[in-house]
2 protein chains.
Amino acid sequence: MNAKELRKKIADGEFVKPTAGYCEGQVQANMFVIPKEHASSFEEFTKKNSKAMPLLEVVKESHYSKVLANGANLLNELPLYNIIENGKVVKQVTDIGEYYSDDLVFFLIGCSFTFETSLIKSGIPLRHVEQGVNVPMYSTNIKLNPVGIWKGDMVVSMRPIKKERVADACVVTSHFPNMHGTPIQVGYPEMIGIKDISNPDYGDAVDIKEDEIPLFWPCGVTPQNALRDVKLPFAITHAPGHMFVSDKKDSDYYI
Amino acid sequence: MNAKELRKKIADGEFVKPTAGYCEGQVQANMFVIPKEHASSFEEFTKKNSKAMPLLEVVKESHYSKVLANGANLLNELPLYNIIENGKVVKQVTDIGEYYSDDLVFFLIGCSFTFETSLIKSGIPLRHVEQGVNVPMYSTNIKLNPVGIWKGDMVVSMRPIKKERVADACVVTSHFPNMHGTPIQVGYPEMIGIKDISNPDYGDAVDIKEDEIPLFWPCGVTPQNALRDVKLPFAITHAPGHMFVSDKKDSDYYI
């Protein structure tokens, strides 16, 4: 299934689940949608925190992507959306058409699912893909650089990696700086304020085997987490793990 | 002080200490000297275990380097040598002239000191360099691929790295595959059979601070360790940490 076919299925309501492991080698993106009023300060916020929020595309006065997938409808081509009011998720929907107005600005942000094909091709299997569950994600105590109203803590995704492949996982992902790049933490969750690794804040828990070490990458759910602090009256995001699968190849962003 | 000047000092008996931190940007090498009889099987052994023993130069029927430092005298231009009989260090000397015969073959093997300049330039300081002590080295339970009489366990060097620079240290050192490349272990010494990190098998202990993680790189002391198992009647090696400082630049081996 290529990205266009998957997005068609999604628009038709036939695919409502996490996108990790689908459409091998395609760039996947987080989405963050807010009223114009706060858009320019948010854009600055992503630039000051680009490891957590690498900005790939901004869509204004339209709801169609141009750069990542020309003509893709951002209102119904992601599998699941969070409707967020005053920092709280009030609803999850598969179509945000009824919320659209041209006052909204769409931010598409790099996602670590993009480098997973490279990891797997390097012989580094991924537990959440094998198990067909969502990647586990955690709030941390890593403070973001604040801009205007924007502030908060970084969210990370976690992948258990066989002990002898840890350095390789760092090297492979270093080639994708626009998809979060290298891990922000290797092996010691408590050092970034994660108290219970079996209890992720977003996504699903996965087992860590005895010969594996947990690696943590910055995650594009970070701005959703920031909303808890910022408490905008209204925002829309992708539901964690339910990404925008674009027409770009991972190799387009390989450095 | 450039490499030639340092080697002159060494030959003159004025420098008898570990070479880490000296001659910024120069390739440093381990040395392993054995009778011809076992040289070809040892060469094969290095090739089957090239992460621990990346072979840079072999010198036969001569005691002068050609490739790494043309004309350098391997008998007295390293700061300290181990004389090893039946697997045991029986003496440490600063000149091995009296042991030389043209039956001996000299192996020069890449050393992790070579990538230390790159780490420091990347803002990753090194405790043993700061403290002016020898790098800590440990025997592990990582089995080498055996060849003929040759077998044994890998030796690793350890450097404590600030938690947020761990992935960067992996990436920086990945560019030097001939100097051991990436760490073989990140953060969990017990996973490779190191029971007491405060008690290295070679070199000096260094402190690991609360916000640091120990990283372990394969080490060119590995063949010395193998001698414990192999028990050749006679061999000469550099003393751990007391390396051959060559005329090659680290950039010559940067990939």
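Trainee: Is B:Glu212 buried or exposed, and how do I read that from its relative accessibility?

Mentor: Buried here means under 20% relative accessible area. In this predicted model, B:Glu212 has 6% relative accessibility, so it counts as buried. B:Arg127, at 7%, counts as buried too.

Trainee: Which residue does the side chain of B:Glu212 meet in a salt bridge?

Mentor: The general idea is that side chains of opposite charge can pair when their charged atoms come close. In this case the side chains of B:Arg127 and B:Glu212 meet in a salt bridge, with 2.5 Å from N to O. B:Arg127 belongs to helix α4 (residues 127–131) of chain B and B:Glu212 to strand β9 (residues 212–218) of chain B, so the pair ties together parts that are 85 residues apart in sequence.

Trainee: What do A:Glu212 and A:Arg127 do in chain A?

Mentor: Their side chains also form a salt bridge, at 2.5 Å from N to O. This pair links distant parts of the chain, with A:Glu212 in strand β9 (residues 212–218) of chain A and A:Arg127 in helix α4 (residues 127–131) of chain A, 85 residues apart. A:Glu212 and A:Arg127 are both buried.

Trainee: Which residues do salt bridges with shared partners join into one network?

Mentor: As for B:Glu212, which counts as buried at 6% relative accessibility, it pays to look past a single pair. In chain A, salt bridges that share partners join A:Arg127, A:Glu130, A:Lys162, A:Asp211 and A:Glu212 into one network.

Trainee: How many salt bridges are there over all chains?

Mentor: A search of the whole structure finds 30. One to look at is the meeting of the side chains of A:Arg7 and A:Glu77, at 2.9 Å from N to O. That pair, too, links distant parts of the chain: A:Arg7 sits in helix α1 of chain A, while A:Glu77 sits in the loop between β2 (55–60) and β3 (81–85) of chain A, 70 residues apart. Both A:Arg7 and A:Glu77 are buried.

Trainee: Which residues of helix α1 of chain A are buried?

Mentor: Start with the geometry. An α-helix has 3.6 residues a turn, so residues three or four places apart point the same way. In helix α1 (residues 3–11) of chain A, the buried residues are A:Ala3, A:Leu6, A:Arg7 and A:Ile10. They cover an arc of only 95 degrees around the axis, which puts them on the same side of α1(A).

Trainee: What covers those buried residues of α1(A), and what does the face turned away from them carry?

Mentor: The cover includes β1 (26–35) and β11 (244–249) of chain A. The face turned away carries the exposed residues A:Lys4 and A:Lys8.

Trainee: What should I look for at the start of α1(A) and just after it?

Mentor: At the start, look for a side chain reaching to the backbone: a side-chain oxygen of A:Asn2 comes to within 3.1 Å of the backbone nitrogen of A:Lys4. Just after α1(A), check the backbone angles, where A:Gly13 has a positive phi of about 80 degrees.

Trainee: Where does B:Asp204 lie, and what is it in contact with?

Mentor: For a loop residue, I go from location to surroundings. B:Asp204 is in the loop between β8 (185–186) and β9 of chain B. At 33% relative accessibility, B:Asp204 counts as partly exposed. Apart from neighbours within four places in sequence, B:Asp204 is in contact with B:Val133, B:Asn134, B:Val135 and B:Pro136. A polar atom of the B:Asp204 side chain lies 2.8 Å from the backbone nitrogen of B:Asn134.

Trainee: How many disulfides does the structure hold?

Mentor: The idea is to check the distance between sulfurs, and a disulfide needs them within 2.5 Å. The structure holds 0 disulfides over all chains. The sulfur of A:Cys23 is 13 Å from the closest cysteine sulfur, in A:Cys111, which is too far for a bond. For A:Cys111, the closest cysteine sulfur is in A:Cys219 at 6.8 Å, again too far for a bond. A:Cys23 is buried, with a relative accessible area of 10%, and A:Cys111 is buried with 4%.

Trainee: What turn lays chain B on chain A?

Mentor: To relate copies, look at the turn and the shift together. A turn of 180 degrees with a shift of 0.0 Å along the axis lays chain B on chain A with an RMSD of 0.0 Å. That is the relation of a two-fold axis. Among the residues of chain B, B:Val171 comes closest to the rotation axis, at 2.6 Å (C-alpha). As for the interface, 100% of the interface residues of chain B are also interface residues in chain A, so the copies meet through the same surface.

Key: Residues numbered from 1 in each chain as written. Chains lettered and ligands numbered in written order. Heavy atoms only, no water. Buried < 20%, exposed > 50% of the residue type's maximum accessible area, 1.4 Å probe, protein only. Helix = DSSP H or I, 4+ residues; strand = E, 2+ residues; numbered from the N terminus. Arc of directions from axis to C-beta. Contact = heavy atoms within 4.5 Å. Polar contact = N/O pair within 3.5 Å; in protein donor to acceptor, adjacent residues only side chain to side chain. Least-squares fit on C-alpha atoms with pLDDT ≥ 70 in both. Salt bridge = Lys/Arg side-chain N within 4 Å of Asp/Glu carboxyl O.
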